[in-house]
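Colleague: Could you take me through this model slowly, and tell me at each step which definition stands behind the words you use?

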Amino acid sequence: MDLENQGSNLVLRVGMVGDVLEDMLVGFRSKEKDVQVVGVWMTDEEGVEEKGEEKAVRQVAEKHGIGFRLWTDEKYFIDDRDIPFDSPRKYPDVFTSYRKSVEPLRDAPRRVLPTPKSLPTLPNFIPPQKEPFLIPGKYDGLQSALLKPLEARPLLPKIAPFPKGVKSASPFEGGSKAGQKRIQHLIASGAMTNYKDTRNGLLGLDFSTKLSAWLALGCITARQVHFQLIDFEEGHNEEYRGTPGYGKGENKGTAAVRFELLWRDYMRLCTRKFGPRLFRVGGFRDDNSYPWKTPDGKGSGPEVKEAFERFLNGTTGTGLIDASQRELYHTGYTSNRARQNVASYLAKHLGINWKLGAEWYESLLTDYDLSNNWGNWQYVAGVGNDPRGEARVFNPVKQAVDYDPRGEYIKAWVEELRPLTEPQEIFQVWKVEPERRKKLDLESNIMVDKPLKRIDFRVGSKGGRGGGRYGGSSRNGNRGRGRGGPQNGYHYNGNGRYEKKGQEDKPRVNNGH
Ligand SMILES: Cc1cc2nc3c(=O)[nH]c(=O)nc-3n(C[C@H](O)[C@H](O)[C@H](O)COP(=O)(O)OP(=O)(O)OC[C@H]3O[C@@H](n4cnc5c(N)ncnc54)[C@H](O)[C@@H]3O)c2cc1C
């Protein structure tokens, strides 16, 4: 729509990018009198496959004797030209060190580039899509063509259907206009100002910004978010007058949003630094000491396959994990709090290769982003750039107590558990007394009879909020480790910590890859 408004348009093509370009150039050559191609421009991206595509495009352009130009991506919070390190090798391995090197964050971004007033029109002739593909002319046709293979062969034929009465926490509508509208809504409604206190929520539309999909797809940029916040903080946009914090400078909510946007930058810089290690099981740390289990893998029995399938289908018996997995499957979104628990459950409680989880997320997330996804999975699995690495384990029962105390999120997505009223039973459904199971329609339910893990935590016991690097109010405080023993060579040392066997008492240091 924006391109149309500026007199231009967008053409979609299917195929490998090098082949598509080749077909287009050959097609245009046949109409040389009307159209002349003078150059091919593309945006610089991190990632192994993305670099491969860049190379393919460059080669085709060279073969046809036309110019090739690579643009530095400007959709990040801090521009590449302002990163205070002259080589990726020098990028810090710990986020905090990176953050300190670029603070104060509010002064760091460059100005947003102005939108061009007009753009060149498209030529009358455009080479057609090569067979066997067909590009539908209308949006609806495109959508049904994309969904057709999934409808014919759903990824999870047996997953519970979309539960009644629930709505997606991130009902994403593509395009820059919808993204800008969302930013304005977040500021005007006060959600940005409250962000620090609400960001660990699980249910609802505005507990966090839900800007991730627009950011990931390039519909909005981190700099645009920042400057909209500046307008609010400086009192430069009358539309926000009346919102708490208007004209009063940076507040803890707006500062926290900038902080998260910097995490996004940082994950991308790690991809640049570590290249293919983003996808290796040993991660950025190159730590291959974990005895990861893999369904169908060497030495893995059928129980690993079953465990993985139940993890995907959201029938593990651990409410928080099951709710998040079903939410993700049906909506393409699940909150950051839930993502951390799910990743920790797969990697640290089940001991299953974290890469399978990352691939699963890659296939479902509407906000899928190469660096954010794979970098965060590594981080939680203990092979990435979390300085606490393997020692950080989330107890998903304690996390449910802290972040879903009445079990509303779990009951929303796991319909079978709606008759339950006691949080202890919602979070640890195997604790429902056998005599009540029939009455509650939970007899012969695999989550109740055969939970994948009986994660221990006494609901009602005292304990601070906590868990992971986003430990609620205490990012550096209580890490929320309960006593649900993870597998994968860990044991509970009795002091609130899981230790890897054989490494008890060894200092844990970030070994600085
Ligand atoms: C296992 C795992 C996988 C993830 N995969 C992705 C992914 O594929 N794409 C993605 O965008 N985010 C990913 N994240 C990060 C985070 O969960 C999402 O960005 C966030 O939940 C999106 O919701 P939001 O826009 O409301 O976030 P908000 O809390 O409102 O944050 C604002 C923005 O900051 C950025 N951000 C927030 N948290 C992180 C983070 N931990 N790392 C990097 N950037 C962050 C996002 O761009 C987000 O939109 C993942 C996290 C985990 C633990």
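Modeller: Let us begin with helix 13, which covers residues 336-349 and therefore has 14 residues, with 19 Å between its first C-alpha and its last. This is a predicted model, in which local features need pLDDT of at least 70 and side-chain atom pairs count only at pLDDT 80 or more, while totals for chains, interfaces and linings use all residues. Residues are numbered from 1 along each chain as its sequence is written.

Colleague: What makes 19 Å close to the expected value for helix 13?

Modeller: The expected span of a helix is 1.5 Å times one less than its number of residues, and for helix 13 this comes to 20 Å, to which the 19 Å in the model is close. The name "helix" is used for a DSSP run of H or I with at least four residues, numbered from the N terminus. After helix 13 comes Gly 351, with a positive phi near 70°.

Colleague: Why is helix 13 called mostly covered?

Modeller: A residue is buried if 20 or more other C-beta atoms lie within 10 Å of its own, exposed if 12 or fewer, and partly exposed in between, with C-beta atoms placed from the backbone. In helix 13, 13 of the 14 residues are buried, whereas 36% of the 513 residues of the protein count as buried.

Colleague: Which residues come nearest to the ligand?

Modeller: Ser 208, Thr 209, Asn 336, Asn 373 and Asn 376 come nearest, out of 29 residues around the ligand; a residue is near a molecule if its C-beta atom, placed from the backbone, lies within 6 Å of it. Helix 13 is among the elements that give two or more residues to this shell, and helix 10 gives the largest share, six residues.

Colleague: How do you know where the ligand lies with respect to domain 2 and domain 3?

Modeller: Domain 2 (74-113 + 173-275) and domain 3 (280-500) both give residues to the shell, so the ligand lies between them; the domain bounds come from an automatic or database domain assignment.

Colleague: What is the pLDDT over residues 463-513?

Modeller: pLDDT is the predictor's confidence in each residue, from 0 to 100, and its mean for the protein is 89, with 89% of the residues at 70 or more. Over residues 463-513, however, the pLDDT is below 50. Where pLDDT is low, the predicted coordinates should not be read in detail.

Notes: Contact = placed C-beta atoms within 7 Å.
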